[in-house]
Amino acid sequence: MDMSWKDAYQRLRFAEPEEGVLEVLLSSPGRLNAADAQMHRELAYVWRDIDADESISAVLVRGEGGAFSAGGDFELIEEMISDYDALVRVWKEARDLVYNVINCSKPTVAALEGPAVGAGLAVALLCDITVAGKSARILDGHTRLGVAAGDHSAIVWPLLVGLNKAKYYLLLNEPMSGEEAERLGLVSLCVEDPEVYGRALEIARRLAKGSPTALRWSKYALNNWLRLAGPTFDTSLALEFLGFMGPDAKEGLASLKDKRKPNFQKKAPL
């Protein structure tokens with residue numbers, strides 16, 4: 001496997017657990033793999049390198065240390081709130097992350113353990129097959145922060161669980177276990193926590209040994225369901241990032257840092 005391009009990455013680690021299978025490890029030790037500015041950028045653009053590497057037949061994505069990702073870190077959110085150029089940069093990365101995962105031709109598998117929030121959750125749920133542990137904690141997180149549920153949620157949640165269930169979990173910022181996610185169809189499989197990686201690797205192995213054209217062309221056609229939702233996704237992402245310029249995002253971040261309930265403005269501008 002050609003891994004010469006991997007040196008450009010700092011927050012993602014790579015391995016080849018099986019021939020033709022690339023393992024992508026989200027690595028932010030001691031921080032539940034929260035996505036700082038560097039990881040957010042890398043999660044957006046690694047899929048282009050993966051797609052271009054002909055030695056890769058399948059991809060397995062997981063988090064380091066039994067957690068997938070705790071979402072965007074506070075420093076990144078503060079930068080977005082205070083710096084317009086940073087806000088625009090992260091908006092473009094968030095847009096490219098979703099479309100690059102969808103457009104990557106290689107079959108992708110996510111091994112979802114522990115907390116999965118934000119950009120990390122976007123990757124996990126946009127993978128072709130997602131294996132979750134029973135005690136995984138899936139949380140969109142946006143409305144608690146005081147911004148619209150943009151990111152990946154509008155493009156994939158209604159398709160997977162239906163519009164009413166998507167509204168329930170996204171508007172109320174309700175956490176979901178791996179068992180509940182499988183019952184609703186948000187993830188492909190739910191297994192006992194110690195079995196997550198092994199089961200995901202088994203699936204990646206099977207995909208790597210399959211017909212490349214059959215699998216990749218099937219994936220391309222199936223992902224047209226997601227591409228059809230592109231305008232909805234683009235709108236949700238634009239409204240999310242517009243929200244970072246308002247008072248609710250500031251209050252949401254402050255309340256998270258203070259570990260208290262937020263006191264959002266009572267009168268909405270819309």
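**Close-ups of a predicted model**

At 12% relative accessibility, D36 counts as buried. That residue opens the first of these views, and everything shown here comes from a predicted model.

**View 1. D36 pairs up with R11.** The side chains of D36 and R11 form a salt bridge, with N and O 2.8 Å apart. D36 sits in the loop between β2 (21-26) and α1 (37-52), while R11 belongs to the segment before β1 (12-18), so this pair ties together parts that are 25 residues apart in sequence. Unlike buried D36, R11 is partly exposed, at 25% relative accessibility.

**View 2. R31 reaches D73.** Here's another salt bridge, this one between R31 and D73, whose closest N and O atoms are 2.7 Å apart. R31 is in the loop between β2 and α1, and D73 is in the loop between β4 (69-70) and α2 (74-82), so the pair ties together parts that are 42 residues apart in sequence. R31 is partly exposed, with a relative accessible area of 34%, whereas D73 is buried at 9%.

**View 3. R41 and E93 bring two helices into the picture.** The side chains of R41 and E93 meet in a salt bridge, 3.2 Å from N to O. R41 is in helix α1 and E93 in helix α3, so to speak a link between distant parts of the chain, 52 residues apart. Salt bridges with shared partners also join R41, E79, R89 and E93 into one network. Within this group, R41 is partly exposed at 29% relative accessibility, and E93 is buried with a relative accessible area of just 2%. For the wider tally, the structure holds 18 salt bridges.

**View 4. A nonpolar patch sits on the surface.** Y84, V88, L239, L242 and M245 make up this patch of about 510 Å². The elements giving two or more residues to it are α3 (84-103) and α12 (230-243). Take L239 as an example: its place is in helix α12, and it counts as partly exposed at 46% relative accessibility.

**View 5. Zooming back out to the whole chain.** The protein chain has 13 helices and 10 strands. Its C-alpha atoms fill a box of roughly 55 × 40 × 35 Å along the principal axes. The radius of gyration is 18 Å, which agrees with the value near 18 Å for a compact globule of 270 residues. Buried residues account for 50% of the 270. Among contacts between residues at least 6 apart in sequence, 73% join residues at least 24 apart. The chain exposes about 12,600 Å², and carbon and sulfur atoms supply 55% of that area.

Methods: Residues numbered from 1 in each chain as written. Predicted model: local features only at pLDDT ≥ 70, side-chain atom pairs only at ≥ 80, totals over all residues. Heavy atoms only, no water. Patch = residues over 30% accessible without salt bridge, like charges linked within 9 Å, V, L, I, M, F, W, Y side chains within 5 Å. Areas by Shrake-Rupley, 256 points an atom, 1.4 Å probe, with all protein chains shown as cover. Salt bridge = Lys/Arg side-chain N within 4 Å of Asp/Glu carboxyl O. Helix = DSSP H or I, 4+ residues; strand = E, 2+ residues; numbered from the N terminus. Buried < 20%, exposed > 50% of the residue type's maximum accessible area, 1.4 Å probe, protein only. Rg over C-alpha atoms; globule rule 2.2 N^0.38 Å. Contact = heavy atoms within 4.5 Å.
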